[in-house]
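Reader: Please choose a single part of this model, look at it closely, and then set it among its surroundings. I would like a connected account rather than a list.

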Amino acid sequence: MTPDEALRRIAFLLEWRGASPYRVRAFHTAADAVRALPPGPVDPARIGRLRGVGPVTAEVIVQASNGAVPGYLARLRAETGPDAGAGWDLAAASTGDCHLHSDWSDGGSPLEDMAGAAQALGHRWAVLTDHSPRLTIAHGLSAERLERQLEAVAAVNSRTGPDFRLLTGIECDILDDGSLDQDEELLGRLDIVVASVHSKLRSEPEPMTARLVAAVRNPHVDVLGHCTGRIITGRGRPQSRFDADAVFAACAEGGTAVEINCRPERRDPPDDLLARAAAAGCRFAVDTDAHAPEQLRWQSTGYARAARIGLGGDRLITTWPLERLLAVRSGRA
């Protein structure tokens, strides 16, 4: 087991136990710091100079680099029991991510860097989903800019080889009446459409329900993004109120996946709604909503949540081969 893998497994098991997002993130940060280390024993003095590595994570790194199972990991395994292994298996089976942003909208990195990071993780595909035009604060893409981005994505794919494909997509704003904030013809040309609410999040339940149901029934919509809009860190933001059973029934009927958003400040939907979506028969997309390459590592936390309620890979579209993903998209549209 490499130090990188040991740290990722610890982060996963901490998530499984319900640890704070900050604690989980600390282990992912340390894993990013050691990913490029050569194999073999690591000099403890060198570890101390790595950014994002503290005393606890340093001990894990040294023990793993010497071929031992780190004591911290061994204790977590004993405390969590065998069920957590199913979640780790789901994370290991991940093939892609349906929700990531580049500097074309509010991400911090070029789309080439986001694609390269996804490929380095072992993904076979990832979907570029920059924002739609109404979200001006996020520099959303007009139809003209989205057209240009499609050309940029094609150029990236011409250089990545056969083992990875960057898919075209968008995180499309759901407007007040449930319609979508982008040209319908252009939406039909995209590989994947994530639809999310970013405005009037505190609407009354009835109009919010109608808004969400209309959106997920749109044949262009593949994924319902961060469905409650909640923020659980800092000053926070309460979740939107809507008839969850009606919305999830519409998702299940139309084949629209419910996103398990892995951002530490979102963890959306909350556990109770996630269970209700599962009971409704929904599919799910375990997505990072990454705005920087290192954030793509957050995905395992979503798989921990999926495994906890008994979801298997067949209902998680982010474990599907690209061919199956696109075939289902084609059949829905």
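Author: Two strands count as paired here if DSSP finds at least two bridges between them. With that criterion in hand, and bearing in mind that the model is predicted, I will take strand 5 as the part to examine, together with the loop and the helix that come after it.

Strand 5 spans residues 257–261, and it has pairing partners in strand 4 and in strand 6. Four bridges join strand 5 to strand 6, and these two strands run parallel; within this pairing, Ile 260 has Val 286 of strand 6 as its bridge partner. Between these two strands the chain passes through helix 12, in a β-α-β crossover that is right-handed. Strand 4, which consists of residues 223–224, is joined to strand 5 by two bridges, and here too the strands run parallel, with Leu 224 standing opposite Val 258. The connection to strand 4 also has a helix in it, since strand 4, helix 11 (residues 244–254) and strand 5 make up a right-handed β-α-β unit.

What does this setting do to the side chains of strand 5? In a regular strand the side chains alternate between the two faces of the sheet. In strand 5, Ala 257, Glu 259 and Asn 261 point one way, whereas Val 258 and Ile 260 point the other way, and all of them are buried. Because five of the five residues of strand 5 are buried, the strand is largely enclosed by the rest of the structure.

The loop that leaves strand 5 leads to helix 12 (271–279), and its backbone deserves a careful look. Most residues other than glycine have a negative phi, and most peptide bonds are trans. Arg 267, which is placed in this loop, has a positive phi of about 40° although it is not a glycine. The peptide bond from Asp 268 to Pro 269 is cis, with omega near 5°, and Pro 269 likewise has its place in the loop between strand 5 and helix 12.

Helix 12 itself has buried residues, namely Leu 273, Leu 274, Ala 277 and Ala 278. These residues cover an arc of only 145° around the axis, and therefore they are on the same side of helix 12. The cover over these buried residues includes helix 11, strand 5, strand 6 and helix 13, so that strand 5 returns in the account as part of what covers the helix. Just after helix 12, Gly 281 takes a positive phi of about 90°.

Beyond strand 6 (284–287) the chain enters the loop that leads to helix 13 (299–308), and Asp 289 lies in that loop. Asp 289 has a positive phi of about 55° although it is not a glycine, and it is buried, with a relative accessible area of 3%.

To set this part among its surroundings, one can turn to the charged side chains. Side chains of opposite charge can pair when their charged atoms come close, and the structure holds 20 salt bridges. Asp 176 takes part in salt bridges with Arg 134 (3.8 Å, N to O) and with Lys 200 (2.8 Å, N to O). The pair with Lys 200 links distant parts of the chain, as Asp 176 lies in the loop between strand 2 and helix 9 and Lys 200 in the loop between strand 3 (192–196) and helix 10 (205–216), 24 residues apart. Asp 176 is partly exposed, with a relative accessible area of 37%, and Arg 134 is also partly exposed, at 36%, while Lys 200 is exposed, at 52%.

A salt bridge within one helix joins the side chains of Glu 185 and Arg 189 (3.9 Å, N to O); both residues lie in helix 9, four residues apart, about one turn of the helix. Glu 185 is partly exposed, with a relative accessible area of 48%, and Arg 189 is partly exposed as well, at 40%. Finally, Asp 4, Arg 8, Asp 32 and Arg 297 are linked in a network of salt bridges.

Technical notes. Residues are numbered from 1 along each chain as its sequence is written. This is a predicted model: local features need pLDDT of at least 70, side-chain atom pairs count only at pLDDT 80 or more; totals for chains, interfaces and linings use all residues. Side-chain values use heavy atoms; hydrogens and water are left out. Buried means under 20% relative accessible area, exposed over 50%, partly exposed in between (1.4 Å probe, protein chains only). A crossover is right-handed if, with the strands pointing away from the viewer, the path from the first strand over the helix to the second runs clockwise. A salt bridge is a side-chain nitrogen of Lys or Arg within 4 Å of a carboxyl oxygen of Asp or Glu. The arc is that of the directions from the helix axis to the C-beta atoms. Contact means heavy atoms within 4.5 Å.
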